[in-house]
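I opened my notebook to record, entry by entry, what I looked up in one protein chain. My plan was to begin with a pair of strands and to work outwards from there.

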Amino acid sequence: MLSYTKKPEKIKEAKKQVSKQKGQQKKELKKIVSDSWALHIASYAVVDETKSIVKKLKEDGYNAYITGFNLNGKKWYRIRVGFFQSEETAKAEGKKIARAYNIKGIWAAKPTKKEILLNNK
């Protein structure tokens, strides 16, 4: 039977490397979150109303998604498209979407960390 054990120094070094990598990943995620922008396309009180628009946006290559929110005790559903590296880039793409889909009132928004983690494709 073979037995393999690492020296204590190697174990400490490996733990240090893992900790360092986790720290770098957290920094990268924080930068992604702070630098990301999304487009608010529309809001609906009924989730079924959002599905056909999201489907069409996805078919056309957009990262479209639905996110819910509460307003005065009522559940609403936002259609968003993300993610963009700057507000200017988001606004420019928003103008293209507005023309192509004949939608008024599109605006750039800062997505939440949760939105980014769940919808970043």
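**Entry 1: a pair of strands.** In which sense do β2 and β3 pair, and over how many bridges? I looked this up in what is a predicted model, and I found that β2 and β3 pair in the antiparallel sense, with eight bridges between them. As one of the partners across this pair I noted Ala64, whose bridge partner in β3 is Val81. I then followed the chain from one strand to the other and saw that β2 and β3 form a hairpin with two residues between them, where Asn72 in the turn has a positive phi of about 55°.

**Entry 2: the whole chain.** Before going further I stepped back to the overall plan, and I counted four helices and four strands in the protein chain, which follow the pattern α-β-α-β-β-α-β-α when read along the sequence. The chain has 121 residues, of which 29% count as buried. I also looked up its accessible surface, which comes to about 9200 Å², with 54% of this belonging to carbon and sulfur atoms. Among contacts between residues at least 6 apart in sequence, 70% join residues at least 24 apart.

**Entry 3: the sheet.** Next I asked in what order the strands of the sheet lie. The sheet is open and has four strands in the order β2-β3-β1-β4, with antiparallel pairing. β2 (64-71) and β4 stand at the edges with a single partner strand each, so one side of each is left without a neighbour in the sheet. Neighbouring strands are turned by 45° against each other on average, when direction is ignored. Turning to β1 and β3, I found that they run antiparallel and are joined by seven bridges, and I wrote down that Ala42 stands opposite Ile79 in β3. I added a general reminder for myself, that in a regular strand the side chains alternate between the two faces of the sheet.

**Entry 4: helix α2.** I compared the length of α2 with what is expected: its 12 residues reach 17 Å from the first C-alpha to the last, which is close to the 16 Å expected at 1.5 Å a residue. Which residues of α2 are buried? I found Thr50, Val54 and Leu57, and seen down the axis of α2 the buried residues fall within an arc of 60°, so they line one face of the helix. The face turned away from this buried side carries the exposed residues Asp48, Ser52, Lys55 and Glu59. The cover over the buried residues of α2 includes β1, β2, β3 and α3. After α2 comes Gly61, whose phi is positive, near 95°.

**Entry 5: helix α3.** I repeated the length check on α3, whose 15 residues should span 21 Å at 1.5 Å a residue, and its end C-alpha atoms are 21 Å apart, which agrees. The residues Ala90, Glu93, Gly94 and Ile97 are buried in α3; seen down the helix axis, the buried residues fall within an arc of 115°, so they line one face of the helix. On the other side of α3 I found Glu88, Lys95 and Arg99 exposed. The helix lies across β1, β3 and β4, and runs at about 40° to β1, while its buried residues pack against β1, α2, β3 (74-84) and β4 (107-109). Just after α3, Asn102 takes a positive phi of about 55°.

**Entry 6: one residue of α3.** Why does Glu93 count as buried? Its relative accessibility is 18%, and the cut-off for buried is under 20%, so Glu93 is placed in that class. Glu93 is found in helix α3 (residues 87-101), and, not counting residues up to four places away in sequence, it touches Leu39, Tyr62 and Phe84.

**Entry 7: one residue in a loop.** Last, I looked up Val47, which lies in the loop between β1 (37-44) and α2 (48-59). Val47 is partly exposed, with a relative accessible area of 26%. Leaving aside its neighbours within four places in sequence, Val47 is in contact with Ile66 and Tyr77. I also noted Lys75, which is 28 residues from Val47 along the chain, with the C-alpha atoms of the two separated by 9.3 Å.

Technical notes:
Residues numbered from 1 in each chain as written. Predicted model: local features only at pLDDT ≥ 70, side-chain atom pairs only at ≥ 80, totals over all residues. Heavy atoms only, no water. Buried < 20%, exposed > 50% of the residue type's maximum accessible area, 1.4 Å probe, protein only. Contact = heavy atoms within 4.5 Å. Areas by Shrake-Rupley, 256 points an atom, 1.4 Å probe, with all protein chains shown as cover. Expected span 1.5 Å × (residues − 1). Arc of directions from axis to C-beta. Pairing = 2+ DSSP bridges. Axes fitted to C-alpha atoms, helices over the stretch in contact; angles between N-to-C directions.
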